[in-house]
Amino acid sequence: MDDPVNDNGTSGQVQLDEIDKAIIRELQLDGRMSYAQLGPEVGLSQAAVRQRVQRLTDSKVIEVVAITDPLRLGFTLQAMVGVRATGDLKTLASQLAEVVEFNYVVVTSGRFDLLLEVVCTGPADLLELLDTRVRMLGGVVSTEVFTYLHLEKQSYAWGAR
């Protein structure tokens, strides 16, 4: 049987069949589901589903991780930081991606050149981060902070619908 997860030659995308998509949907509901439970849900044996999950993981289609609630861990401030920059945006994005406090770094078009998402213990923590890790980088022209007042939804369930 051909491998259902294979490179289709476009931008590193992988093609998924319906069983792969079903596996992803189930793991998005419960990432701790055993292969013995997962197999019957998607119509495969335990061994076959283990192989499929391994292929999806090896090809970087999925990563099964624990997701935390920052508020329950003492992080009281969440924000998106818009960055206006000059020069090589990919290099600047790469530098910012090395900052562990940022959980999201993306090069954009429009008003900002980059968007950064951060979770902090409070305003002093955010100010320290901006002053010592962002604004001092070459190419950063300005920053604008959008503090989250209320997070209604955060979902990681894309790609398998």
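Lys60 is exposed, with a relative accessible area of 72%. In this predicted model, the residue sits in the loop that runs between helix H3 (46-58) and strand E3. Have a look at its backbone while you are there: phi is positive, at about 65°, although Lys60 is not a glycine.

The loop between H3 and E3 has other residues that deserve a visit. Val65 belongs to it, and because its relative accessible area of 52% is over 50%, Val65 counts as exposed. On the surface, Val65 joins Ile67 and Tyr156 in a nonpolar patch, and together the three offer about 300 Å² of accessible area. Leu71 is also found in the loop between H3 and E3, and with a relative accessible area of 54% Leu71 is exposed. The chain brings Leu71 and Cys120 to a C-alpha separation of 9.7 Å, with their positions 49 residues apart in sequence.

Now let us turn to charged pairs. Side chains of opposite charge can pair when their charged atoms come close. How many salt bridges does the structure hold? There are seven. One of them joins Arg72 to Asp69, with 3.5 Å between the closest N and O atoms. The two partners differ in how much they show: Arg72 counts as exposed at 74% relative accessibility, whereas Asp69, at 36%, counts as partly exposed.

Glu144 is a good place to stop next. Its side chain meets that of Arg84 in a salt bridge, at 3.6 Å from N to O. Since Glu144 lies in strand E6 and Arg84 in strand E3, this pair ties together parts that are 60 residues apart in sequence. Both ends are partly exposed, with Glu144 at a relative accessible area of 24% and Arg84 at 27%. Why does neither residue count as buried or as exposed? Buried means under 20% and exposed means over 50%, so values of 24% and 27% fall in between.

Glu144 also forms a salt bridge with Arg111, and here the closest N and O atoms are 2.8 Å apart. This second pair links distant parts of the chain as well, from Glu144 in strand E6 to Arg111 in the loop between E4 and E5, 33 residues apart. Arg111 is exposed, at a relative accessible area of 54%. Elsewhere, salt bridges link Asp17, Asp20 and Arg52 in a network.

Next comes the empty space. Rolling a probe the size of a water molecule over the atoms shows where empty space is left. The second largest pocket has a volume of about 600 Å³. It is lined by 25 residues, and those closest to its centre are Pro70, Gln78, Asn103, Val119 and Gln154. Which elements give two or more residues to this lining? They are strand E3 (77-85), strand E4 (102-107) and strand E5 (114-120). As for its chemical character, the lining of the second largest pocket divides into 16 nonpolar, six polar and three charged residues.

Two more places round off the walk. Gly87 is located in the loop between E3 and helix H4 (89-97), where it is exposed, with a relative accessible area of 65%. Gly87 and Gly138 are 51 residues apart along the chain, and their C-alpha atoms are separated by 8.7 Å. Ser155, for its part, lies in the segment after strand E6 (140-147). Is Ser155 exposed or partly exposed? With a relative accessible area of 29%, Ser155 is partly exposed. If you trace from Ser155 to Thr76, 79 residues away along the chain, you will find 20 Å between the two C-alpha atoms.

Methods: Residues numbered from 1 in each chain as written. Predicted model: local features only at pLDDT ≥ 70, side-chain atom pairs only at ≥ 80, totals over all residues. Heavy atoms only, no water. 1 Å grid on protein atoms, 1.4 Å probe; cavity = no way out; pocket = protein on both sides within 12 Å on 5 of 7 lines; lining within 4 Å. Points joined across faces, edges and corners; volume = space filled by probe spheres on them. Helix = DSSP H or I, 4+ residues; strand = E, 2+ residues; numbered from the N terminus. Nonpolar A, V, L, I, M, F, W, Y, C, P; charged D, E, K, R; others polar. Patch = residues over 30% accessible without salt bridge, like charges linked within 9 Å, V, L, I, M, F, W, Y side chains within 5 Å. Areas by Shrake-Rupley, 256 points an atom, 1.4 Å probe, with all protein chains shown as cover. Salt bridge = Lys/Arg side-chain N within 4 Å of Asp/Glu carboxyl O. Buried < 20%, exposed > 50% of the residue type's maximum accessible area, 1.4 Å probe, protein only.
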